[in-house]
Amino acid sequence: MAQLLDGKALAAKIYDKLAAQVADWIAADRRPPGLAVLMVGDNPASAAYVANKEKACAKVGILSFSEHFPASVTQAELAQTIQRLNQDDRVDGILVQLPLPGTHLDADALLLAIDPAKDVDGLHPYNLGRLVRGESGIRSCTPAGVMQLLAEYDLSLKGKTAVVIGRSILVGKPLALMLLEQDASVTIAHSRTADLAAVAREADILVAAVGRTNLVTADMVKPGAIVVDVGINRITDSVTGKSRLVGDVDFAGVAPIASYITPVPGGVGQMTVAVLLQNTVKSYCQRFGI
Ligand code: NAP
């Protein structure tokens, strides 16, 4: 039976460390780090993510500067807000909660408007470019969270075959580059991959970042593989009738043959928020030369 890669436990460790650092700065009369989250519209999932981020900030002593806009907000208003936050000395990190509602807003243009030094989501082309070049910089939260989780369990990637299912700019592509940085041989699979099961079975490390319940089944997993489930899907439980979160991996089928596996919830999702706060603190340290 696979050992769980416990994102909740590692996130708690990260929060404790960050809280101690922030407390030291405040005791030394420094200002606390600040994070601004821009949310547009009333998507309940986005609202829940933003609330989680604010709660996590409060836990470690990071100040939240959240801005909530109606879905009718214009591109210009959002761009002006970002410019203002870029100049605001109390703010070390800015993120735009995605996806944006409707079709009138250009998310890419907004990401581009964020000062790369405050781009704590690591999605600005400058920071993505540094990742491609293998240079240090702010790394995007979910892939960086996966890498920290693997490191926490001393799982060496050198020379291993990694397969990442999903090629989004948010998760799949940056994660593939981070795995490559750690000397894994990486394949990126996607919706046009021929014989996904055969590709997945090659993996020593298999990552699912798609958004489809039960996409990865036991027959697609090499015995002893490390399985990382990034997917978050809300389903209605057929027995209880209640809604709950599941990943992309058939956990009950795959856990008996994998060596390590992330649970959903309690795995990668917890790490994403923890890395967001780490990135905010990193940006703060860079601003103050700490
Ligand atoms: P996305 O932008 O929709 O990308 C999904 C990727 O999956 C695409 O590359 C797509 O391929 C691929 N795909 C779709 N159907 C497939 C299939 N049948 N076989 C193989 N590949 C398939 O999604 P995302 O933003 O990367 O997010 C992926 C999942 O991770 C979602 O469930 C999301 O909620 C979750 N997520 C979790 C966290 C976290 O903190 N845990 C953070 C971010 C996202 P094409 O490119 O060919 O279309």
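This briefing covers the ligand site, one cavity and one pocket in the structure above. The model is predicted. In it, 21 residues surround the ligand. The protein also holds one cavity of 30 Å³ or more, and its second largest pocket has a volume of about 230 Å³.

**The shell around the ligand**

- Of the 21 residues that surround the ligand, the closest are Arg167, Ser168, Ser191, Ile232 and Thr272.
- By class, the shell around the ligand consists of 10 nonpolar, nine polar and two charged residues.
- Helix H10, which spans residues 268-288, contributes the largest share of this shell, with three residues.

**Polar atoms facing the ligand**

- Thr272 has an N or O atom in its side chain that is 2.6 Å from an oxygen atom of the ligand.
- Arg167 places a polar side-chain atom 2.7 Å from an oxygen atom of the ligand.
- At Val230 the backbone is involved: one of its polar backbone atoms is 3.3 Å from a nitrogen atom of the ligand.
- On its own, the ligand has 930 Å² of accessible area, and the protein covers 71% of this.

**The cavity**

- Rolling a probe the size of a water molecule over the atoms shows where empty space is left.
- The count of cavities of 30 Å³ or more comes to one.
- The largest cavity has a volume of about 40 Å³.
- Its lining is made up of Met39, Val40, Asn43, Ser46, Gln97, Pro99, Leu100 and Pro101.
- Sorted by class, the lining of the largest cavity has five nonpolar and three polar residues, and no charged ones.

**The second largest pocket**

- The volume of the second largest pocket is about 230 Å³.
- This pocket is lined by 16 residues, and those closest to its centre are Arg244, Val246, Gly247, Val249 and Phe251.
- Two elements, strand E11 (243-246) and helix H9 (251-254), each supply at least two residues of the lining.
- Strand E11 gives the most to the lining of this pocket, with three residues.
- The lining of the second largest pocket divides into nine nonpolar, four polar and three charged residues.

Note on methods:
Residues numbered from 1 in each chain as written. Predicted model: local features only at pLDDT ≥ 70, side-chain atom pairs only at ≥ 80, totals over all residues. Heavy atoms only, no water. Near = heavy atom within 4 Å. Polar contact = N/O pair within 3.5 Å; in protein donor to acceptor, adjacent residues only side chain to side chain. Areas by Shrake-Rupley, 256 points an atom, 1.4 Å probe, with all protein chains shown as cover. Helix = DSSP H or I, 4+ residues; strand = E, 2+ residues; numbered from the N terminus. Nonpolar A, V, L, I, M, F, W, Y, C, P; charged D, E, K, R; others polar. 1 Å grid on protein atoms, 1.4 Å probe; cavity = no way out; pocket = protein on both sides within 12 Å on 5 of 7 lines; lining within 4 Å. Points joined across faces, edges and corners; volume = space filled by probe spheres on them.
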